[in-house]
Amino acid sequence: MLPALGEPTFAAAGDDAVNERPPVTRAQRETHWGVDCAGLRQELLHGGRSAATASELARWRDALTLCAAIHNTPGTPDAASCPDYAGARRVIADAHGDAGAGLMARLRSSLACER
């Protein structure tokens, strides 16, 4: 006999069962997504450039988006506030393609952790 159509039979296990995630470290997420957040941070902090190309901005924006998801996820117990990858991503978004010295200084400010 076929089970009745409607609710899946596993729904009785609790709604939280579908939201369970296996523990994954930040390093594992970086590897999975193909991003090196520490390397990107060093590139931006110590690159010695005063401006960026459009292709660099696009690459940085994409990598910073992933790094922010890995390291700056609000509401997670280990959310880091520094380096602020999410803030650096906003700096690029707010620049609207202007990749001059001001942009580089603001990026460095978001990623520097001197207190």
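Contact is taken here as heavy atoms within 4.5 Å, and the model examined is a predicted one.

Helix α2 spans residues 37-46, and its buried residues are C37, L40, R41, L44 and L45. These residues cover an arc of only 125 degrees around the axis, which puts them on the same side of α2. From that side, the buried residues of α2 pack against four helices: α1 (26-33), α3 (54-71), α4 (85-95) and α5 (101-111). Just after α2, G48 adopts a positive phi of about 75 degrees.

One residue of α2, E43, is engaged in a salt bridge with R59, with an N to O distance of 2.6 Å between the side chains. Because E43 lies in helix α2 and R59 in helix α3, the pair ties together parts that are 16 residues apart in sequence. Burial is assigned under 20% relative accessible area and exposure over 50%. E43, at 24% relative accessibility, therefore counts as partly exposed. R59 is likewise partly exposed, with a relative accessible area of 42%.

In total, the structure holds three salt bridges. Side chains of opposite charge can pair when their charged atoms come close. Besides the pair formed by E43 and R59, the side chains of D62 and R61 meet at 3.4 Å, N to O. Both of these residues are partly exposed: the relative accessible area is 44% for D62 and 31% for R61. The remaining salt bridge joins R90 and D84, whose closest N and O atoms are 4.0 Å apart. D84 has a relative accessibility of 24% and so counts as partly exposed.

The packing of α3 and α4 was also examined. Two packed helices are described by the angle between their axes and the distance between the axes. For α3 and α4, the angle is about 150 degrees and the axes are 8 Å apart. Angles over 145 degrees count as roughly antiparallel, and α3 and α4 are therefore roughly antiparallel to each other. The crossing in which α3 passes α4 is left-handed. On the α3 side, the residues in contact are L57, W60, R61, L64, T65, C67, A68 and H71. Their counterparts in α4 are Y85, A86, A88, R89 and I92. R61 thus appears both in the contact between α3 and α4 and in the salt bridge with D62.

Methods
Residues numbered from 1 in each chain as written. Predicted model: local features only at pLDDT ≥ 70, side-chain atom pairs only at ≥ 80, totals over all residues. Heavy atoms only, no water. Buried < 20%, exposed > 50% of the residue type's maximum accessible area, 1.4 Å probe, protein only. Helix = DSSP H or I, 4+ residues; strand = E, 2+ residues; numbered from the N terminus. Arc of directions from axis to C-beta. Axes fitted to C-alpha atoms, helices over the stretch in contact; angles between N-to-C directions. Parallel < 35°, antiparallel > 145°, perpendicular 65-115°, else oblique. Left-handed = near helix turned anticlockwise from the far one by under 90°.
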